[in-house]
Amino acid sequence: MKRNWSAGQVYYNMQPTARILLAAAVLLALPAEGLPTGFSVLVQPEQRSVDLTVVSAENADYLDLGALAAALGGRLGWETVGERIEWELDGVRFVFDDLLTFFSAGDGQYQLVAPCRLDAGRFLVPVQVAVEYLPRLLPQRFSYNKLDSRLVDRGAPAQPLSGARPAQPRPPGQPRPPGAAGSGQNYRIRAVVIDPGHGGQDPGTIGRRYKLDEKQIVLDVAALVAKNLKKKSDLEVILTRGRDEFIPLAERGQIANRKGAGLFVSIHVNASSDRQLNGSSTYFLSAAKTDEERATAMLENGALKYEVDERDQGRRDEISLILQDMAQNEYLRESQELSSIIQKEIAKIKGMNDRGLRQANFAVLRGAYMPAALVETAYISNPADEKLLNSTSFRSNLAEAITAGILKYVDQYHRKLIGK
Ligand SMILES: [Zn+2]
């Protein structure tokens with residue numbers, strides 16, 4: 001279902017702080033089922049796109065297995081009416097049971113994030129079946145395009161082998177160590193991505209006194225970090241943007257993935273309706289625990305609104321949450337380490353209030369398959385912090401601290417590789 005963008009426009013024109021309050025109020029007011037969402041399948045041989053309704057129940061997202069089978073083909077039927085359903089697709093027999101949190105395919109059993117459920121005549125399976133398991137179990141036929149939340153169906157094989165076995169399950173995620181394939185030396189971190197937040201039509205947060213936009217401040221700091229890193233190391237440094245331009249959040253992680261970067265650091269400026277709040281914090285991707293962390297994530301994820309032709313960002317967002325397991329979770333520990341080291345360096349800056357290591361669900365960090373951190377340098381909403389952000393010496397101190405943090409992390413990582 002489409003979202004109401006006219007209401008959205010009003011929301012997007014509001015001040016960031018007002019946006020946070022409104023968004024928080026809307027989230028609290030929403031029913032537990034959440035926003036109506038969708039999911040689509042691209043049937044490649046026919047260049048046909050099929051939209052499927054995502055049904056939310058008990059905090060999980062489901063697809064109607066009947067609708068999925070209608071889109072993809074195969075034979076679907078009850079084995080035990082109202083209890084157990086089987087779906088044979090390309091020679092693989094999938095068996096789902098009402099209320100069970102696993103299913104079988106061929107000889108294997110697979111864990112689900114939520115139980116299958118029979119609901120008003122529909123047999124519901126978690127969206128995970130289409131997003132994760134079809135591409136995993138029938139890799140020649142299916143792939144999942146995370147960028148547009150679409151299952152790509154390349155069509156059934158010309159001659160389905162009778163009794164074909166599904167591919168061996170492999171652990172979820174892309175546990176590819178940073179750098180490249182291979183072992184030993186190849187796992188070394190060779191490239192890092194520095195991501196100045198916002199840009200173009202997305203100014204980020206805006207200061208009151210100096211009329212400074214977050215997008216300008218963070219571009220300046222990021223450029224200094226890149227310069228420092230090049231001077232002090234032989235790392236390849238990639239900036240997601242080197243000028244005032246708009247780059248979608250998902251694209252930023254993709255840039256890092258394409259370059260085979262070993263780490264990703266996104267640089268931002270925080271803001272709050274509470275003008276007393278000040279200081280810096282560094283975040284890694286995880287579920288937010290406090291209201292303050294949630295507010296910061298909401299502020300930064302607000303950039304998604306500038307990605308105009310995404311007719312159902314909400315859907316993409318929800319499915320991204322499932323995918324988080326498969327991407328950043330692989331690097332959770334490393335991301336926490338990277339964030340912690342960077343924050344310790346920033347805390348050394350004179351006059352800086354250390355808000356410490358934090359965690360929240362940032363869209364920009366979700367798609368990067370590598371250790372990733374997001375630095376909230378200071379609060380532009382706080383008069384003293386705003387003054388600091390306006391000074392070139394503070395920005396240079398920030399850049400030095402972030403550089404030192406990155407270099408310490410890389411050094412520590414390389415020591416671990418050789419077992420020192
Ligand atoms: Zn930001």
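Asp-213 is in contact with Pro-203, Thr-205 and Ile-206, leaving aside its neighbours within four places in sequence. The model described here is predicted. The points below cover the surroundings of Asp-213, the zinc site and two helix packings that involve H12.

**Asp-213**

- Asp-213 sits in the loop that runs between strand S13 (191-196) and helix H5 (214-232).
- Is Asp-213 buried or exposed? Its relative accessible area is 17%, and the cut-off for buried is under 20%, so Asp-213 counts as buried.
- Asp-202 lies eleven residues from Asp-213 in sequence, and the C-alpha atoms of the two are 9.6 Å apart in space.

**The zinc site**

- Which residues supply the protein donors of the zinc ion? They are His-198 through NE2, Glu-214 through OE, His-268 through ND1, and Glu-300, which is listed with OE twice.
- These donors lie 2.0 to 2.6 Å from the zinc ion.
- Along the sequence, the donor residues follow the spacing H-x15-E-x53-H-x31-E.
- Two of the donor residues, His-268 and Glu-300, link distant parts of the chain. His-268 belongs to strand S15 (residues 263-270) and Glu-300 to helix H7 (residues 291-301), with their positions 32 residues apart in sequence.
- His-268 is buried, with a relative accessible area of 4%.
- Glu-300 also counts as buried, at 4% relative accessibility.

**Helix H9 against helix H12**

- Helix H9 (residues 332-347) packs with helix H12 (residues 392-417) at an angle of about 140°, and their axes are 8 Å apart.
- Why are H9 and H12 called oblique? Angles over 145 degrees count as roughly antiparallel and those from 65 to 115 as roughly perpendicular, so the pair, at about 140°, is oblique.
- The crossing of H9 past H12 is right-handed.
- On the H9 side, the contact is made by Glu-334, Glu-337, Leu-338, Ile-341, Ile-342, Glu-345 and Ile-346.
- On the H12 side, the residues in contact include Leu-398, Ala-401, Ile-402, Gly-405, Lys-408, Tyr-409 and Lys-416.
- Sorted by class, this contact has eleven nonpolar, two polar and five charged residues.

**Helix H11 against helix H12**

- Helix H11 (residues 383-390) and H12 pack at an angle of about 85°, and their axes are 5 Å apart.
- H11 and H12 are therefore roughly perpendicular to each other.
- Leu-388, Leu-389 and Asn-390 of H11 meet Thr-392, Phe-394 and Arg-395 of H12.
- By class, the residues of this contact are three nonpolar, two polar and one charged.

How values were computed:
Residues numbered from 1 in each chain as written. Predicted model: local features only at pLDDT ≥ 70, side-chain atom pairs only at ≥ 80, totals over all residues. Heavy atoms only, no water. Axes fitted to C-alpha atoms, helices over the stretch in contact; angles between N-to-C directions. Helix = DSSP H or I, 4+ residues; strand = E, 2+ residues; numbered from the N terminus. Parallel < 35°, antiparallel > 145°, perpendicular 65-115°, else oblique. Left-handed = near helix turned anticlockwise from the far one by under 90°. Contact = heavy atoms within 4.5 Å. Nonpolar A, V, L, I, M, F, W, Y, C, P; charged D, E, K, R; others polar. Buried < 20%, exposed > 50% of the residue type's maximum accessible area, 1.4 Å probe, protein only. Donors = N, O, S within 2.8 Å, 3.2 Å for Na, K, Ca; no water.
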